[in-house]
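I sat down with this model to look up a few things and jot them down as I went. My notes follow, one topic at a time.

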Amino acid sequence: MTSSRPKTIQTMKPATAAKKLGVLLSATPAEFQAGVVSRDELNELQSTPPAWLTDLRRNGPHPKQVIAAKLRISISGLIRGGITGPLTTAEIEALKAENPPWLERERAVQAETRKEALRLKQRDG
């Protein structure tokens, strides 16, 4: 039997949408923060991002998952390195150029973690 109920539109909180878009919620426009985002609106933002989203993705400030990915370390490594707040792209680039000992160490840890995950996947696969 098929249901005769009308299809409901899936919506998400702005925080969830911001996370899926890889941006910091507090840096998004007020209208985005105040409303709800439908699945279709999220898909539209991803496929044809407005200027504010393009600028945020390019310049930041970035959330910790984006910072960690740009530095090629884990979020835990980011926190161990003392980075607990958002950073701009310029700040991330400066950190890469400085390459402090904690960043080198965390990159090595992340590389080992990836290597071990690959080894286990090949063994089990």
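**Entry 1: the aromatic pair**

I started with W52, which is partly exposed at a relative accessible area of 25%. A reminder to myself that I am reading a predicted model here. Next I wanted to know how many aromatic pairs a search of the whole structure finds. The count came back as 1 aromatic pair. The partners are F32 and W52, and their pairing is tilted. I noted 5.4 Å from centre to centre and 55° between the planes. I wrote down both values because a pair of aromatic rings is described by the distance of the centres and the angle of the planes.

Where in the chain do F32 and W52 sit? F32 is in helix 2 (residues 30-34) and W52 is in helix 4 (residues 51-59), so the pair links distant parts of the chain, 20 residues apart. I also checked whether F32 is buried or exposed. F32 has 9% relative accessibility, which is under the 20% cut-off, so F32 counts as buried.

**Entry 2: after helix 4**

I moved on to the loop between helix 4 and helix 5, where P61 lies. The peptide bond from G60 to P61 turned out to be cis, with omega near 5°. I flagged that bond because most peptide bonds are trans.

**Entry 3: helix 5 and its cover**

Which residues of helix 5 are buried? I listed V66, I67, A68 and L71. Then I asked what covers the buried residues of helix 5. The cover includes helix 6 (75-80), helix 7 and helix 8.

I took helix 7 first. Helix 5 (residues 64-71) packs with helix 7 (residues 89-98) at an angle of about 35°, and their axes are 10 Å apart. Their crossing is right-handed. On the helix 5 side I noted I67, K70 and L71, which meet I92, L95 and K96 of helix 7. Sorted by type, the residues of this contact are 4 nonpolar and 2 charged, with no polar ones. I67 and L71 are thus in my notes twice: they are among the buried residues of helix 5, and they take part in the contact with helix 7.

**Entry 4: R72 and Q110**

Just after helix 5 comes R72, with a positive phi of about 60°. I marked R72 because it has that positive phi although it is not a glycine, and most residues other than glycine have a negative phi. R72 is in the loop between helix 5 and helix 6. R72 counts as partly exposed, at 47% relative accessibility.

R72 led me to Q110, which is found in helix 8 (residues 101-124). Is Q110 buried or exposed? Q110 is buried, with a relative accessible area of 15%. Leaving out residues up to four places away in sequence, Q110 touches R72, I73 and S74. For Q110 and S74 I also noted the separation: 36 residues in sequence, but 6.6 Å in space from C-alpha to C-alpha.

**Entry 5: N99**

N99 also went on my list for its backbone. Phi of N99 is near 45°, a positive value in a residue other than glycine. N99 lies in the loop between helix 7 and helix 8. With 26% relative accessibility, N99 counts as partly exposed.

**Entry 6: helix 1 on helix 3**

Last, I went back towards the start of the chain. How do helix 1 (residues 14-21) and helix 3 (residues 39-47) pack? The angle is about 30°, and their axes are 11 Å apart. That makes helix 1 roughly parallel to helix 3, because the cut-off for roughly parallel is an angle under 35 degrees. Helix 1 passes helix 3 in a right-handed crossing.

For the contact itself, I wrote down A17, K20 and L21 from helix 1, which meet R39, L42, L45 and Q46 from helix 3. These contact residues divide into 4 nonpolar, 1 polar and 2 charged.

Methods. Residues numbered from 1 in each chain as written. Predicted model: local features only at pLDDT ≥ 70, side-chain atom pairs only at ≥ 80, totals over all residues. Heavy atoms only, no water. Axes fitted to C-alpha atoms, helices over the stretch in contact; angles between N-to-C directions. Helix = DSSP H or I, 4+ residues; strand = E, 2+ residues; numbered from the N terminus. Parallel < 35°, antiparallel > 145°, perpendicular 65-115°, else oblique. Left-handed = near helix turned anticlockwise from the far one by under 90°. Contact = heavy atoms within 4.5 Å. Nonpolar A, V, L, I, M, F, W, Y, C, P; charged D, E, K, R; others polar. Phe/Tyr/Trp six-rings, centres within 6.5 Å; stacked < 30°, edge-to-face > 60°. Buried < 20%, exposed > 50% of the residue type's maximum accessible area, 1.4 Å probe, protein only.
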